[in-house]
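Here are some short exercises to work through with the model open beside you. Try each task first, then go through the solution one step at a time.

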Amino acid sequence: MTDSGRSYHTIGDPAEVEAETESLRDRRAAITELGDALRTLVEQAAATEAPADELRRAAALVREATIPVGKQQRERGQMPTADDLLGGVRMYNPVCGSGSALAPPLLIELGAGGVTGSCTLGLAYEGPPMYAHGGVSALLLDQILGYATSASGHPGMTVRLDTEYRAPVPLQTELRLSAEVVNVDGRKVTARATIATAAEPDRELVVATGLFIALRADQAIRLFGTVLHPDASNPAVAHD
Ligand SMILES: CCCCCCCC(=O)SCCNC(=O)CCNC(=O)[C@H](O)C(C)(C)COP(=O)(O)OP(=O)(O)OC[C@H]1O[C@@H](n2cnc3c(N)ncnc32)[C@H](O)[C@@H]1OP(=O)(O)O
């Protein structure tokens with residue numbers, strides 16, 4: 001899990017904070033447990049050769065399992081209460097989030113001069129037979145480029161992503177990604193990222209250059225106003 005040890009920062013009675021911290025930890029662990037189960041389901045569903053009646057039985061079970069999950073849903077303008085946006089915890093990020101069924105998940109670490117990432121893509125990510133879909137490679141690269149820009153102190157949004165596919169990315173193979181900022185020009189930040197296999201880390205399979213723009217305050221408010229501003233009803237963005 002990305003963040004099981006992070007302390008949860010809020011205002012209030014220390015005993016209450018302690019209890020809340022424990023409950024947040026527990027909820028994040030449960031989100032990860034569900035994410036793991038969903039990823040297994042998605043992967044096995046993409047690889048299954050089971051007969052039609054078994055598939056229909058599985059579909060009915062999944063529909064049943066969806067009922068408790070659907071009971072309390074957030075809306076688009078609300079952060080997940082288990083997230084800590086400023087602390088970098090995004091439980092459902094579709095690339096790194098341990099709660100996301102879409103995420104491999106990509107594990108990212110800060111390194112000297114940049115960031116590195118690792119993941120293994122299953123058959124659910126297949127494009128050409130046996131290899132990753134090109135859009136999935138771009139997804140991973142966009143994410144790690146974003147991390148590299150944020151880690152360098154220049155967070156921004158992607159406005160351009162140039163992706164060069166030099167060789168197919170094999171599925172069911174441990175991958176290594178790396179990214180680093182190569183230029184900062186005012187609000188414009190350029191970063192470079194690569195995908196390789198763990199076995200041949202110097203052989204670049206996919207290379208991307210991303211241009212990121214740091215948002216002006218008015219742009220941030222226009223795009224994210226209600227989500228970014230501290231709101232007592234959303235403890236995930238409350239800070240003292
Ligand atoms: C840990 C974090 C992980 C995050 C990983 C994932 C990151 C993402 O996927 S972000 C989501 C995808 N990206 C988006 O949705 C962004 C969509 N774009 C926008 O909303 C806007 O372009 C926005 C708000 C970023 C910038 O606004 P915009 O009006 O375009 O630019 P503006 O602020 O006026 O200009 C800044 C500079 O950037 C330049 N610029 C803007 N877009 C581009 C572009 N596509 N190509 C080249 N230059 C550009 C402008 O020309 C300007 O340059 P200069 O200062 O030399 O005149």
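**Warm-up.** Which glycine takes a positive phi just after H3?

Solution. Glycine 153 does, with a phi of about 90°. Before going on, keep in mind that this is a predicted model: local features need pLDDT of at least 70, side-chain atom pairs count only at pLDDT 80 or more, and totals for chains, interfaces and linings use all residues. Residues are numbered from 1 along each chain as its sequence is written.

**Exercise 1.** Sketch the order of helices and strands along the protein chain.

Solution. Step one is the term: helices (H or I, at least four residues) and strands (E, at least two) are DSSP runs, numbered from the N terminus. Step two, count them: the protein chain has four helices and six strands. Step three, read along the sequence, and you get α-α-β-β-α-β-β-β-β-α.

**Exercise 2.** Work out how the strands pair.

Solution. Two strands pair if DSSP finds at least two bridges between them. Start with S4 (residues 174-185) and S5 (residues 188-197), an antiparallel pair with 10 bridges. Within that pair, glutamate 180 has arginine 192 as its bridge partner, and leucine 175 stands opposite threonine 197. The hairpin of S4 and S5 has two residues between the strands, and there glycine 186 takes a positive phi near 60°.

Next, move to the other pairings. S5 and S6 run antiparallel and are joined by eight bridges; threonine 190 stands opposite leucine 211 in S6. S2 and S4 also pair in the antiparallel sense, over six bridges, with serine 118 bridged to arginine 176 in S4.

**Exercise 3.** Set H2 beside H3: what are their spans, and how many residues of H2 are buried?

Solution. First, the spans. The expected span of a helix is 1.5 Å times one less than its number of residues. H3 has 18 residues and reaches 26 Å from its first C-alpha to its last, close to the 26 Å expected. H2 also has 18 residues, and its end C-alpha atoms are 26 Å apart, which agrees with the 26 Å it should span.

Second, burial. A residue is buried if 20 or more other C-beta atoms lie within 10 Å of its own, exposed if 12 or fewer, and partly exposed in between, with C-beta atoms placed from the backbone. In H2 the number buried is zero, so that helix lies largely in the open. The buried residues of H3 include Val136, Leu140, Ile144 and Tyr147.

Third, find what the buried residues of H3 pack against: S1 (107-111), S2 (114-120), S3, S4, S5 and S6. For the chain as a whole, 25% of the 240 residues count as buried.

**Exercise 4.** Describe the surroundings of the ligand.

Solution. A residue is near a molecule or strand if its C-beta atom, placed from the backbone, lies within 6 Å of it. There are 15 residues around the ligand, and Gly146, Met157, Thr158, Val159 and Ile213 come nearest. The elements that give two or more residues to this shell are H3 (134-151), S3 (157-165) and S6 (206-213). H3 gives the largest share, five residues.

Now sort the shell by class: six nonpolar, five polar and four charged residues. Here Ala, Val, Leu, Ile, Met, Phe, Trp, Tyr, Cys and Pro count as nonpolar, Asp, Glu, Lys and Arg as charged, and the others, Gly among them, as polar.

**Exercise 5.** Is leucine 86 buried or exposed, and where is its place?

Solution. Leucine 86 counts as exposed because it has 12 C-beta neighbours inside 10 Å. Its place is in the loop between H2 (52-69) and S1. Finish with a distance: the C-alpha atoms of leucine 86 and leucine 228 are separated by 9.1 Å, though these residues are 142 apart along the chain.

**Exercise 6.** Which residues is proline 94 in contact with, leaving aside its neighbours within four places in sequence?

Solution. Two residues are in contact if their C-beta atoms, placed from the backbone, lie within 7 Å. For proline 94, that gives Ser100, Leu102 and Ala103. Proline 94 lies in the loop between H2 and S1, and it counts as partly exposed because it has 15 C-beta neighbours inside 10 Å.
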